[in-house]
Amino acid sequence: TLKKWISLSNFISEPVMRKLQPESGQITAFSEVLPVLAGKHTEDRMGQNLPPYDMGCKSYAEGIARLPEMKPRAGTEIRFTELPKQMYPDGATPEEITRHSMDLSYALEKVINQQYASQPQDLLAELQFAFVCFLIGNVYDAFEHWKKLLNILCRSEDAIGKYQSLYTNLIFVLYHQLNEIPSDFFVDIVSQDNFLTSTLQVFFSNTCNAAVDRTLRKKAEKFKAHLTKKFKWDFETEPDDCVPVVVELPEGVQVD
């Protein structure tokens, strides 16, 4: 219905859509890919030390190794924001690395400053865009981006106090998105862990911070109660995030 569509896309403006959509203007479930290096002809494969196509493989690993490296055809990728792989600033001390690995506010600020400095709310537009691409277009990469972006948002404790309007609207966005997905959708088949419950559990814990506005805290509490009642999700059991974490230090960094 139109009402449902609006609730899933109300933050997506035309400028944001143009920024994120592929240059081709078309979104497909599977991107068209091309080999990074030419390998169609025998001489090409010989130059890469690859055997001819018709030579049998001696093992599964050998078969995988012989597959060509692929890349999306230019102009067909959704242009999502590149999220930081390093969650702490260069030159950070071991203490700072640990802190930034637990509270991802530094990474979130980096994303906002680089992409959405004038309008942080547009980050929610990207979250909605990714979700809609997955929900309607079956774009798995969009789902993975949605999870990564949501993870940064939920685990940024200091940022919740700073961007309270953003987080109030995040609850609205998630409320409508989660109405579209079965309760067991986020459960890992192997580990049986639920990505969403563990991520939201950290978020709900962070909203209890004294720096968070009372209105936002109340909205978070109501949202938590709604999810508990509707999906029977457990937000009370201590998450794995609360156990001691071993943080790998960059090469050359030593603890005094």
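**Exercise 1. How many helices and strands does the secondary structure of the protein come to?**

Solution. The model is a predicted one, in which local features need pLDDT of at least 70 and side-chain atom pairs count only at pLDDT 80 or more, while totals for chains, interfaces and linings use all residues. Residues are numbered from 1 along each chain as its sequence is written, and side-chain values use heavy atoms, with hydrogens and water left out. Counting DSSP runs from the N terminus, with helices as H or I runs of at least four residues and strands as E runs of at least two, one arrives at 12 helices and two strands. Read along the sequence, these elements follow the pattern α-α-β-α-α-β-α-α-α-α-α-α-α-α.

**Exercise 2. Identify the residues that touch the most other members of the largest nonpolar core.**

Solution. Begin with burial, which means under 20% relative accessible area with a 1.4 Å probe and protein chains only; buried residues make up 36% of the 256 residues in the protein. A nonpolar core is then a set of buried Ala, Val, Leu, Ile, Met, Phe, Trp, Tyr and Cys residues joined through side-chain atoms within 4.5 Å. The largest such core has 55 residues, of which Trp146, Leu153, Tyr167, Leu178, Leu200 and Leu227 touch the most other members. Its largest share, 10 residues, comes from α7. Turning to Leu153, and leaving aside residues up to four places away in sequence, its contacts (heavy atoms within 4.5 Å) are Leu108, Leu123, Leu127, Leu166, Tyr167 and Leu170.

**Exercise 3. Describe how α10 (164-178) packs against α12 (214-231).**

Solution. Axes are lines fitted to C-alpha atoms, for helices over the stretch in contact, and angles run from 0 to 180 degrees between N-to-C directions. The axes of α10 and α12 come within 10 Å and cross at roughly 15 degrees. Because angles under 35 degrees count as roughly parallel, α10 is roughly parallel to α12. Among the residues that meet are Tyr167, Ile171 and Leu178 in α10, and Phe223, Leu227 and Phe231 in α12.

**Exercise 4. Work out how α1 (residues 2-9) is oriented relative to α7 (122-137).**

Solution. The two helices pack at an angle of about 135 degrees, with their axes 9 Å apart. That makes α1 oblique to α7, the class for angles that are neither under 35, nor over 145, nor 65 to 115 degrees. The contact is made by Trp5, Ser7, Leu8 and Ser9 of α1 together with Gln128, Phe131, Val132, Leu135 and Ile136 of α7. Within α1, Ser7, Leu8 and Ser9 are buried, and what covers the buried residues of α1 includes α7 and α10.

Technical notes:
Buried < 20%, exposed > 50% of the residue type's maximum accessible area, 1.4 Å probe, protein only.
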